[in-house]
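Welcome, and please take a moment to look over the chain shown below. Turn it around once or twice before reading on.

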Amino acid sequence: MSRNLSSAMESAVEANLVRPIVLVTCAFDSGDLNLWNGIGNLTVNSVDYVGAGTLLNIGEIAESSELQANGITVTLSGITDPLLAKARDEDYQGRELNVKLGAMDAVNDVISNPVTVFSGFMDVMTINDAGETATIQVSVENRLIEFERTRIRRYTAEDQKIDYPNDKGLEFVAEMAEKEIVWGRAIVGSGGGAAPGQGNDPAIPEQLP
């Protein structure tokens, strides 16, 4: 998949010495968890990232020419509270996780506009607690997985109100399923016989012109 790189990023990639950095953002209800694969705190585009060093591991990011939803695995080792509590107690499934690739220049300043190399949703989190520290492993689904999920919508009043709460256009659909509708009007006999083909049954509707 092609990506737009700033001129500064292109120069950094083509240089003899490349200083890459990886930025990871995990969305939690209590606030985003921002990590990077270096030491100490790092601010990129007004976002503060906590250094995880070699404790942060990103699985292989696979891409192909076909439209495939390839996921990744993110592992964070040496975890202590309160980060462990956040991972254990907060809802995480379906929350966003983004991975960006950036670079530093010769004086270790971050080159602007790191590029997003993966964007998806956290799926399954595994916590291995070793006592004082723990290891967290998260499998992350690609955003393309949304195209594989079946979305079932129905012509019912309840379904319609999901998008339009005040719409009453479908509130009689259930009744119409068993409703008998007779077109035209019945002929009431006047003693002179019925119209040809209708016999004497007044329930047979008159054929309208």
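The report below walks through the chain from its overall layout to a few single residues.

## The overall layout

A word on the source: this is a predicted model. The chain has 4 helices and 9 strands. If you follow the sequence from its start, the order of elements is α-β-β-β-β-β-β-α-β-β-β-α-α.

How much of the chain is buried? Of the 209 residues, 25% are buried. The accessible surface of the chain is about 14500 Å², and carbon and sulfur atoms hold 51% of that surface. Among contacts with a separation of 6 or more, 49% link residues that are 24 or more positions apart.

## Strand β1 and its two partners

Strand β1 covers residues 20-26 and is a good place to begin. It is mostly covered, with 5 of its 7 residues buried. On one pairing, β1 runs antiparallel to strand β7 (residues 96-103), and 7 bridges join the two. You can trace this pairing through P20, whose bridge partner in β7 is A103, and through L23, whose partner in β7 is K100.

β1 also pairs with β2, again in the antiparallel sense, through 4 bridges. Here V24 stands opposite L35 of β2. As a rule, side chains in a regular strand alternate between the two faces of the sheet.

## A closer look at T25

T25 is a residue of strand β1. Is T25 buried or exposed? T25 counts as buried because its relative accessibility is 17%, and buried means under 20%.

Which residues does T25 touch, once its neighbours within four places in sequence are left aside? The contacts of T25 are D32, L33, N34, Y49, E96, L97 and N98. T25 and V99 are 74 residues apart in sequence, yet their C-alpha atoms are 6.6 Å apart in space.

## The turn at G31

Between β1 and β2 comes a loop, and G31 is found there. The hairpin of β1 and β2 has 6 residues between its strands, and G31 takes a positive phi near 135 degrees in it. G31 is partly exposed, with a relative accessible area of 24%.

Leaving aside neighbours within four places in sequence, G31 is in contact with C26 and K86. From C-alpha to C-alpha, G31 and K86 are 9.9 Å apart, although 55 residues separate them in sequence.

## More strand pairings

The pairing goes on from β7, which is joined to β8 in the antiparallel sense over 6 bridges. In this pair, L101 stands opposite V115 of β8.

Another run of pairings involves β6. Strand β5 (residues 56-58) pairs with β6 in the antiparallel sense over 3 bridges, and I58 has V74 of β6 as its bridge partner. β6 also pairs with β9, in the antiparallel sense and over 6 bridges. There, T73 stands opposite S139 of β9.

## Two asparagines with positive phi

Two loop residues are worth finding in the model. N45 is in the loop between β3 (41-44) and β4 (47-51). Its phi is positive, about 50 degrees, although N45 is not a glycine.

N108 is in the loop between β7 and β8. Phi of N108 is near 65 degrees, again a positive value in a residue other than glycine. N108 counts as partly exposed, with a relative accessibility of 48%.

## The space inside

Rolling a probe the size of a water molecule over the atoms shows where empty space is left. How many cavities of 30 Å³ or more does the structure hold? It holds 1 such cavity, and about 160 Å³ of space lies in the largest cavity.

Which residues line this space? The lining of the largest cavity has 16 residues, and C26, L33, L76, I136 and V138 lie nearest its centre. The elements that each give two or more residues to this lining are β2 (33-36), β6 (72-79), α2 (83-89), β8 (115-129) and β9 (134-142). By class, 14 of the lining residues are nonpolar, 1 is polar and 1 is charged.

Conventions:
Residues numbered from 1 in each chain as written. Predicted model: local features only at pLDDT ≥ 70, side-chain atom pairs only at ≥ 80, totals over all residues. Heavy atoms only, no water. 1 Å grid on protein atoms, 1.4 Å probe; cavity = no way out; pocket = protein on both sides within 12 Å on 5 of 7 lines; lining within 4 Å. Points joined across faces, edges and corners; volume = space filled by probe spheres on them. Nonpolar A, V, L, I, M, F, W, Y, C, P; charged D, E, K, R; others polar. Pairing = 2+ DSSP bridges. Buried < 20%, exposed > 50% of the residue type's maximum accessible area, 1.4 Å probe, protein only. Contact = heavy atoms within 4.5 Å. Areas by Shrake-Rupley, 256 points an atom, 1.4 Å probe, with all protein chains shown as cover.
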